[in-house]
Amino acid sequence: MLNRVRSAVAHLVSSGGAPPPRPKSPDLPNAPSAQSAAPPGAPRSPPARAGSGSAAPAKTVEARASFSRPTFLQLSPGGLRRADDHAGRAVQSPPDTGRRLPWSTGYAEVINAGKSRHNEDQACCEVVYVEGRRSVSGAPREPSGGQGLCFYYWGLFDGHAGGGAAEMASKLLHRHIQEQLKDLVEILQDASPPPLCLPSTPGAPGSSDSSHLVGPQSCWSSQKEVTHESLVVGAIENAFQFMDEQMAQERRGHQAEGGCCALVVVYLLGKVYVANAGDSRAIIVRNGEIIPMSQEFTPETERQRLQLLGFLKPELLGGEFTHLEFPRRIQPKELGQRMLYRDQNMTGWAYKKIELEDLRFPLVCGEGKKARVMATIGVTRGLGDHNLKVCSSTLPIKPFLSCFPEVRVYDLTQYEHCPDDVLVLGTDGLWDVTSDCEVAATVDRVLSAYEPNDPSRSQKFGQATSLSLSILTSKRRWTCLTQRSMMRNQRAELCSEQVTN
């Protein structure tokens, strides 16, 4: 049944890639690898050219921060120059060779609209084998030839304030997921419910008999039902947290500067897990129907969580911000008047008397794409950003930014699919200028022009979408820059008012 379904959905996240050889997985590194963890045999991208605007890498640490693109693009030196050309903004996609990305994945990218010095986004596409760490009984597992798990992995990392975090995540996040799954190999292959507690390794701390510490069983007669699916979700969530912690530890020594939104897809045991931390988006187009597979996390969608944190820990606001939201900035002359507001408990609006602390800058300001946390950043979840501070201040923003993704699950075995069904992943650069319906129409238009068995169908769709994106974002570039300038001016006005008052 599973084989039939996987064949039918060859273009959902497409079929074709074969699992790599199954050696024992290397230990998770403490530092990002200088080479990408691409599938075996993948050509490596050349180093950044001299004179590209970044200093020549004299040390290994500096080389990690040099301009690079996803390894599977297999860019030549000329291709890398075109990828860094903000004026030409050429569409880049993997070369049309015999080597295909797993499951006939299509990919294409175009440089951003000149908002940063280099293209700070990254992508990753891997086939990962997981060897179990130990059996359910707690004894270490003996190396075996066919008892592990293989998962397919895709990741998009939308970098900001530097490309180091996105590049580090593209190289290591799938290995953190691999590490988290090692304890689950035998459990996921067993149809019985997961054990609530794994036994300790003999001789390890805490392995002695502690039955005398257990209270009366009558108080704990019921237990929660835990599914295998929730174990995989938990493994992905933990992997995001450990990836973020590793960035915090290595941000100085390895220049993991900036931050990134992360959109990750894992296919394991017949199910697709879509994990999103940021404002990227994933949709499934199935028989013309659009199925959302992610939620964007922005200052607007997470307003109440941010306000609650500011309410519970006012020291994080530094006396410069208020956790309350008002329809507009309050003027000093309006003190004592009643104005509409809402706090962390409200979805509607009410009136309150304006007090002196209400003149502070709002924690969440603006709306739509103009919305910002502390007038600085427009996303509320992602990896990195450990050094991010409020403009003209030493106030850190990281406490308000969560690294945990929302994970949605799609069971491939529950639906019938046709060759034109696809899973589309895109950063906000795509979705800011293109709707779900427009992308679905592009899917239908491009894929219908090729035979179902044509291996280039998915690639052509990616190229067509990126070409449209290049044209549309060029037209909107100055609008985005103007919006960011307005936000900086508002922040400057606040500082000026505080000095005057």
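Colleague: Which helix of the chain has the highest mean pLDDT among its elements?
Modeller: A good place to start, since this is a predicted model and pLDDT is the predictor's confidence in each residue. At the low end of the elements sits helix α2 (residues 60-64), with a mean of 39. At the other end, with a mean of 97, is helix α7 (residues 303-312).

Colleague: What does the pLDDT of the chain average?
Modeller: Some stretches score low: pLDDT stays under 50 over residues 29-65, and also over residues 471-501. Still, 70% of the residues score at least 70. For the chain, the average pLDDT is 76.

Colleague: How many contacts beyond four places in sequence does the model have for residues 29-65?
Modeller: Let us take the two low-scoring stretches in turn. Residues 471-501 have 36 such contacts in the model. For residues 29-65, where pLDDT also stays under 50, the number is 72.

Colleague: How many strands does the chain have?
Modeller: Let us count both kinds of element along the chain. There are 10 helices, and the number of strands is 15.

Colleague: What percentage of the residues in the chain is buried?
Modeller: A residue is called buried when its relative accessible area is under 20%. The chain has 501 residues, and the buried share of them is 49%.

Colleague: What share of the area that the chain exposes do carbon and sulfur atoms supply?
Modeller: Start with the total, which is about 24,300 Å². Of that exposed area, carbon and sulfur atoms supply 53%.

Colleague: In the open sheet of 3 strands, what is the order?
Modeller: The edge strands are the place to begin: β6 (289-292) and β15 (422-426) each pair on one side only. Strand β5 (residues 281-286) is joined to β6 by 4 bridges, and 5 bridges join β5 to β15. The pairing is antiparallel, and the order is β6-β5-β15.

Colleague: Which residue in β15 is the bridge partner of Ala 282?
Modeller: You can follow the pairing residue by residue. On the β6 side, Ile 284 has Ile 291 as its bridge partner. On the β15 side, the partner of Ala 282 is Leu 425.

Colleague: Why is β15 largely enclosed by the rest of the structure?
Modeller: β15 is an edge strand of its sheet, pairing on one side only. Even so, β15 is largely enclosed, because the number of its 5 residues that are buried is 4.

Colleague: Is Arg 286 buried or exposed?
Modeller: Arg 286 shares a salt bridge with Glu 289, at 3.3 Å from N to O. Glu 289 is partly exposed, at 43% relative accessibility. Arg 286 has 12% relative accessibility, and the cut-off is 20%. Therefore Arg 286 counts as buried.

Colleague: How far apart are the closest N and O atoms in the salt bridge that Arg 328 forms with Glu 334?
Modeller: The two partners fall into separate classes: Arg 328 counts as partly exposed at 43% relative accessibility, whereas Glu 334 counts as buried at 10%. In their salt bridge the closest N and O atoms are separated by 2.5 Å.

Colleague: With which residue does Glu 406 form a salt bridge?
Modeller: The structure holds 18 salt bridges, and in this one the closest N and O atoms are 3.3 Å apart. The partner is partly exposed, with a relative accessible area of 26%. The residue is Arg 408.

Colleague: Is Trp 103 buried or exposed?
Modeller: Trp 103 sits in the loop between α3 (77-83) and β1 (122-130). The C-alpha atom of Trp 103 is 9.9 Å from that of Val 127, which is 24 residues away along the chain. The relative accessible area of Trp 103 is 2%, under the 20% cut-off, so Trp 103 is buried.

Colleague: Leaving aside neighbours within four places in sequence, with which residues is Ser 402 in contact?
Modeller: Ser 402 also belongs to a loop, the one between β13 (383-384) and β14 (406-411). Ser 402 is buried, with a relative accessible area of 14%. Beyond those sequence neighbours, the residues in contact with Ser 402 are Arg 305, Thr 380, Arg 381 and Gly 382.

Conventions: Residues numbered from 1 in each chain as written. Predicted model: local features only at pLDDT ≥ 70, side-chain atom pairs only at ≥ 80, totals over all residues. Heavy atoms only, no water. Helix = DSSP H or I, 4+ residues; strand = E, 2+ residues; numbered from the N terminus. Buried < 20%, exposed > 50% of the residue type's maximum accessible area, 1.4 Å probe, protein only. Contact = heavy atoms within 4.5 Å. Areas by Shrake-Rupley, 256 points an atom, 1.4 Å probe, with all protein chains shown as cover. Pairing = 2+ DSSP bridges. Salt bridge = Lys/Arg side-chain N within 4 Å of Asp/Glu carboxyl O. pLDDT = per-residue confidence, 0-100.
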